[in-house]
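I opened my notebook to go through one protein model. I kept each entry short.

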Amino acid sequence: MKWVVSLGGVGFLRPAPGTWGSLMVLPVILLGPAAAALLALLLLMLGLWALKRLPEAGQDPGWVVIDEGAGQALALAALPGFGWLGVALAFALFRLFDIWKPGPVRMLDRQKTPAGVMGDDIMAGAMAGMVLLLLQALGVSL
């Protein structure tokens with residue numbers, strides 16, 4: 001289970017394992033936004049399944065990074081395709097919301113359950129995605 005929730009051991013890299021977990025999924029954008037959305041869903045389901053079977057993971061230890069992978073993939077799903085600016089912005093916005101934990105992200109982070117561990121990063125990814133979609137609606141090319 002540790003191998004699953006650490007994304008194959010990436011969660012044990014130092015420093016900043018959450019950042020490494022986010023970086024791990026960036027290449028999915030080369031397959032397009034639908035693949036990124038599918039990866040987000042797959043990681044969410046796999047993460048919930050594995051976290052329920054790993055008691056210490058309920059406390060969200062730093063080596064659990066499947067949640068960062070899912071949230072980052074969700075943010076990438078808001079992009080029209082691969083572009084350096086869009087990918088960099090998706091990464092920066094997701095990490096900002098994941099670390100800063102505004103409102104709904106903080107609320108989910110306080111839940112010490114598998115749903116809380118996964119939920120705060122899914123919310124951070126959704127918020128990053130909303131910003132990216134707003135920028136595109138305003139005519140910013142990503």
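**Entry 1: the salt bridges**

I started with Lys-101, and I kept in mind that this model is predicted. Which residues does Lys-101 touch, leaving out those up to four places away in sequence? I found Leu-96, Arg-106, Asp-109 and Asp-120. I placed Lys-101 in the loop between H5 and helix H6, which spans 103–109.

Next I asked whether Lys-101 is buried or exposed. Its relative accessible area is 19%. Buried means under 20%, so Lys-101 counts as buried.

I also looked at the backbone here. Lys-101 is not a glycine, yet its phi is positive, at about 55°.

Then I counted salt bridges. How many does the structure hold? There are 3. I took them one at a time.

- Asp-98 pairs with Arg-95, and their closest N and O atoms are 2.6 Å apart.
- Asp-98 also pairs with Lys-101, with 3.4 Å between the closest N and O atoms.
- Lys-101 pairs with Asp-120, where the closest N and O atoms are 3.3 Å apart.

I noted what the pair of Lys-101 and Asp-120 does along the chain. Lys-101 sits in the loop between H5 and H6, while Asp-120 sits in helix H7, so the pair ties together parts that are 19 residues apart in sequence. The side chains of Lys-101 and Asp-120 are also joined by a polar contact of 3.3 Å.

I compared this with the pair of Asp-98 and Arg-95. Both lie in helix H5, 3 residues apart, which is about one turn of the helix.

I checked burial for these partners too. Asp-98 is at 5% relative accessibility, so it counts as buried. Arg-95 is buried as well. So is Asp-120.

I put the pieces together. Arg-95, Asp-98, Lys-101 and Asp-120 are linked in a network of salt bridges.

**Entry 2: Thr-19**

I moved to Thr-19, which lies in helix H2, residues 17–24. What does Thr-19 touch, not counting residues up to four places away in sequence? I found Phe-91 and Arg-95. I had already met Arg-95 in the network of salt bridges.

Thr-19 is at 24% relative accessibility, so it counts as partly exposed.

I took one distance as well. Thr-19 and Gly-119 are 100 residues apart along the chain, and their C-alpha atoms are separated by 17 Å.

**Entry 3: the loop before H2**

I stepped back to the loop between H1 and H2. Helix H1 covers 2–5, and Pro-15 is in the loop that follows, between H1 and H2. Which kind of peptide bond joins Arg-14 and Pro-15? I found a cis bond, with omega about -5°.

Ala-16 lies in the loop between H1 and H2 too. Its phi is near 55°, which is a positive value in a residue other than glycine. I read its relative accessible area as 39%, so Ala-16 is partly exposed.

**Entry 4: the nonpolar cores**

I looked up the largest nonpolar core, which has 20 residues. Which members touch the most other members? They are Leu-76, Leu-79, Ala-90, Phe-97, Ala-128 and Leu-132. The elements giving two or more residues to this core are helix H4 (66–76), helix H5 (84–100) and H7. H5 gives the largest share, 6 residues.

I found a second, separate core of 17 residues. Among its members are Val-4, Val-5, Val-25 and Ala-50.

Then I followed the contacts of Leu-76, not counting residues up to four places away in sequence. Leu-76 touches Val-25, Leu-26, Val-28, Ile-29, Ala-36 and Ala-90.

**Entry 5: a patch on the surface**

I finished on the outside. Which residues form a nonpolar patch on the surface? They are Leu-85, Leu-134, Leu-138 and Val-140. Together they have about 400 Å² of accessible area.

I picked Leu-138 for a closer look. It lies in the segment after helix H7, which runs 114–137. Is Leu-138 buried or exposed? Its relative accessible area is 63%, and exposed means over 50%, so Leu-138 counts as exposed.

Key:
Residues are numbered from 1 along each chain as its sequence is written. This is a predicted model: local features need pLDDT of at least 70, side-chain atom pairs count only at pLDDT 80 or more; totals for chains, interfaces and linings use all residues. Side-chain values use heavy atoms; hydrogens and water are left out. Patches are made of residues with over 30% relative accessible area and no salt bridge: like charges are joined within 9 Å, nonpolar side chains (Val, Leu, Ile, Met, Phe, Trp, Tyr) within 5 Å. Accessible areas come from the Shrake-Rupley method with a 1.4 Å probe; for residues, only the protein chains shown count as cover. A salt bridge is a side-chain nitrogen of Lys or Arg within 4 Å of a carboxyl oxygen of Asp or Glu. Helices (H or I, at least four residues) and strands (E, at least two) are DSSP runs, numbered from the N terminus. Buried means under 20% relative accessible area, exposed over 50%, partly exposed in between (1.4 Å probe, protein chains only). Contact means heavy atoms within 4.5 Å. A nonpolar core is a set of buried Ala, Val, Leu, Ile, Met, Phe, Trp, Tyr and Cys residues joined through side-chain atoms within 4.5 Å. A polar contact is a pair of N or O atoms within 3.5 Å; within protein, one must be able to donate a hydrogen and the other to accept it, and residues adjacent in sequence count only if both atoms are side-chain atoms.
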